[in-house]
Amino acid sequence: MGNQSAVPTDVDATMYVVTPHHAARLLENNNSNRPISDKTVKKYANAMRAGEWELTNDAITINTDGELVNGQQRLTACVDSGRSFPALVMKGVPRSAFQVMDQGKKRTLSDIFSIEGIKNHSAAAATTRFLVAHQHTGNPDTKVLTDLWLQPKKFVDYYRQEADLINKGVCKAAGLRHKWRGVTKSAAAGAFVICARVDYDAAVDFYASILDGIGLAKGDPCLAIRDKLTRIGTDDRHEMGTVEQAALIIKAFKHFIECRTISPAYLKWRRFGKTAEKFPTI
């Protein structure tokens, strides 16, 4: 058969409910690992305390010398939280395996949505992340998701609950992005969902008017937001990220449903500085 590597015959892989006592014992021989991330351990421990930890295929790994080579963060979280957790434990893995561990490409939320058969999986995943961040903090900045440490299942479940509305938002966003490439998918789609929860028909009319621009008079909120979207990226004054774009769309929609006029110059949202504003509500 040529120059094939020998297949280890003494590797044992067993499912365990790892207790804090068991975790502490495994950590006693932890000499071949990278430094522990206190931030990661805290997130894991919080998930274990909340009963949100789920079994994965990432094994707690012990090499042929009895050293722990994978899983120290989870085991430390188990000890800190005082909660047991399910895990695959592999023993007898060759020492050389450590050199190639964690080399694979991590699976993104978009990948998971694709596996789940969710259409427009990339945009749907980005929009769901936007909305989950907004749900937890009142602001759709997805940077907060790192600290929240939510399992992918949470995002899939959230999407399933509002799949129709999120899909409609993704379609509306695609229309705006076709016209203005600077518009981000999650900003336009997420803002549509937030607006549609208040008044679906008004949100549909609002987005249609933004897109076609037909018959818009001076002071119309749709004309004001069209001006903002048209200018995205044209110079430093008009650089707008996802959160800023969504904030302005929502502000314009609030004027729209309240039948109030606003000019492009007065359609603003200050995210930073002494005059920073909270993310707008409707």
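Four strands make up an open sheet in this predicted model. Reading across the sheet, their order is 1-4-2-3, and the pairing is mixed. Strand 1 (12–18) and strand 3 (68–70) are the edge strands; each has a single partner strand, so one side of each has no neighbour in the sheet. As you follow the sheet from one strand to the next, the twist averages 30°.

Now look at how strands come together. In general, the strands of a sheet pair through backbone hydrogen bonds, in either a parallel or an antiparallel sense. Here, strand 2 (residues 60–63) and strand 4 (residues 85–93) are a parallel pair, joined over four bridges. To find one of these on screen, start at Ile60, whose bridge partner in strand 4 is Val89.

A helix also meets this sheet. Helix 1 (residues 20–27) lies across strand 1, strand 2 and strand 3, and helix 1 runs at about 130° to strand 1.

Further along the chain, let us turn to a pair of helices. Helix 10 (residues 200–212) packs with helix 12 (residues 242–257) at an angle of about 115°, and their axes are 11 Å apart. Angles of 65 to 115 degrees count as roughly perpendicular, and helix 10 and helix 12 are therefore described that way. The crossing of helix 10 past helix 12 is right-handed.

Which residues meet where helix 10 and helix 12 come together? Helix 10 brings Ala202, Ala203, Asp205, Phe206 and Tyr207, while helix 12 brings Ile249, Ala252, Phe253, Phe256 and Ile257. By class, the contact of helix 10 with helix 12 has nine nonpolar residues, one charged residue and no polar ones.

Terms used. Residues numbered from 1 in each chain as written. Predicted model: local features only at pLDDT ≥ 70, side-chain atom pairs only at ≥ 80, totals over all residues. Heavy atoms only, no water. Axes fitted to C-alpha atoms, helices over the stretch in contact; angles between N-to-C directions. Helix = DSSP H or I, 4+ residues; strand = E, 2+ residues; numbered from the N terminus. Parallel < 35°, antiparallel > 145°, perpendicular 65-115°, else oblique. Left-handed = near helix turned anticlockwise from the far one by under 90°. Contact = heavy atoms within 4.5 Å. Nonpolar A, V, L, I, M, F, W, Y, C, P; charged D, E, K, R; others polar. Pairing = 2+ DSSP bridges.
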